[in-house]
Amino acid sequence: NHPATPRNPPLQPRYESSIDPPFGQNVVRHIAVTPSRSAWPRGPHAEIAPAIAMQPKETVLEFGESMLLRRPVAADAASLAKHANDRAIWINLRDLMPHPYSIQDARAWIDRVEHQQPRTSFIIDRHGEALGAIGLVLGTDIERCSAEVGYWVGVAYWGHGIATAAVNRICAYAFEELGLHRVFAVPITWNAASCRVLQKAG
């Protein structure tokens, strides 16, 4: 006889190494999972997590000292362009991120995500300055309880723990307010700093 196994055993964060086709190179996947699961609706109309439909229109997430995750607005374009127009930022992100990064690129991104519902794209704001961005790409169908997190912070602010704090805050938002159960990231293997951010975030 085998001992009884809990139906929903605790899940622990884990790391996976694989070949990611969009990049064509080795990447490390950090997967964070909540400690328990609940029943999810099934069927053709069960496309997203149930809590997402109940999310308020305006979402401001406070974290750290005088820091916010908030909705991007038109006034952020100049600051975003200043910080994002850097090869050290671009080389570590997906191909959707243009380089050089102009104020027109910033405005186009803001126009695309400013009024999204639910809110999944955020400005990283410190003392009113847009110094980076962070967001979730929501899964659908059988992956509707998951989301990929992506983020960048201006080079001038590297090494201050801002990215780690922002990842912690958006994961709490994903689990507690969007009702998700799994958040993962896909940093490129040479980006050791981003891997450390994810390790510190747990």
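Is threonine 189 buried, partly exposed or exposed? At 36% relative accessibility, threonine 189 counts as partly exposed. The legends below describe close-up views of a predicted model.

**Figure 1. Overall arrangement of the chain.** This predicted model contains five helices and eight strands. Read from the N terminus, the order of the elements is β-β-β-β-α-α-α-β-β-β-α-β-α. Of the 202 residues in the chain, 44% are buried. When contacts between residues at least 6 apart in sequence are considered, 65% of them join residues at least 24 apart.

**Figure 2. Surroundings of threonine 189.** The view is centred on the loop between β8 (182–185) and α5 (192–201), where threonine 189 lies. With a relative accessibility of 36%, threonine 189 is neither buried nor exposed, because the partly exposed class lies between 20% and 50%. Asparagine 92 also appears in this view: its C-alpha atom is separated by 9.5 Å from that of threonine 189, although the two residues are 97 apart along the chain.

**Figure 3. Threonine 120 and its contacts.** Threonine 120 is located in the loop between α3 (103–113) and β5 (121–126). Its relative accessible area is 8%, so threonine 120 is buried. Leaving aside residues up to four places away in sequence, threonine 120 touches Ile134, Gly135, Leu136 and Leu138. The residue range of β6 is 129–138.

**Figure 4. The largest pocket and its lining.** The largest pocket has a volume of about 1,400 Å³. Its lining comprises 48 residues, of which Leu93, Ala133, Gly150, Tyr151 and Trp152 are the closest to the centre of the pocket. At least two lining residues come from each of α2 (87–90), α3, β6 (129–138), β7 (146–153), α4 (162–176) and α5. By residue class, the lining consists of 30 nonpolar, twelve polar and six charged residues.

**Figure 5. Pairing of strands β3, β4 and β5.** Strand β3 (residues 61–63) and strand β4 (residues 67–70) run antiparallel and are joined by three bridges. Strand β4 is also joined to β5, by four bridges, and this pair likewise runs antiparallel. Methionine 67 can be followed through both pairings. In β4, methionine 67 stands opposite phenylalanine 63; towards β5, methionine 67 stands opposite arginine 126. In a regular strand, side chains alternate between the two faces of the sheet.

**Figure 6. The turn of the β3–β4 hairpin.** Three residues lie between the strands of the hairpin formed by β3 and β4. Glycine 64 in this hairpin adopts a positive phi near 60°. Serine 66, found in the loop between β3 and β4, also has a positive phi, near 60°, and is a residue other than glycine. Serine 66 counts as partly exposed because its relative accessibility is 42%.

**Figure 7. Aspartate 141 in the loop between β6 and β7.** Aspartate 141 is found in the loop that connects β6 and β7. The phi of aspartate 141 is near 55°, a positive value in a residue other than glycine. At a relative accessibility of 42%, aspartate 141 is classed as partly exposed. Both β6 and β7 are among the elements that supply at least two residues each to the lining of the largest pocket.

**Figure 8. Two cis peptide bonds preceding proline.** The peptide bond from histidine 99 to proline 100 is cis, with omega near 0°. Proline 100 is placed in the loop between α2 and α3. A cis peptide bond also joins glutamine 117 and proline 118, with omega of about 5°. Proline 118 belongs to the loop between α3 and β5, the loop that also holds threonine 120.

**Figure 9. Cysteines 145 and 171.** Where do these two residues stand on the scale of accessibility, buried or exposed? Cysteine 145 has a relative accessible area of 13% and is therefore buried. Cysteine 171 is likewise buried, because its relative accessibility is 13% and the class covers values under 20%. A disulfide is a covalent bond between the sulfur atoms of two cysteines. A search of the whole structure finds zero disulfides.

Key: Residues numbered from 1 in each chain as written. Predicted model: local features only at pLDDT ≥ 70, side-chain atom pairs only at ≥ 80, totals over all residues. Heavy atoms only, no water. Disulfide = S-S within 2.5 Å. Buried < 20%, exposed > 50% of the residue type's maximum accessible area, 1.4 Å probe, protein only. Contact = heavy atoms within 4.5 Å. 1 Å grid on protein atoms, 1.4 Å probe; cavity = no way out; pocket = protein on both sides within 12 Å on 5 of 7 lines; lining within 4 Å. Points joined across faces, edges and corners; volume = space filled by probe spheres on them. Nonpolar A, V, L, I, M, F, W, Y, C, P; charged D, E, K, R; others polar. Pairing = 2+ DSSP bridges.
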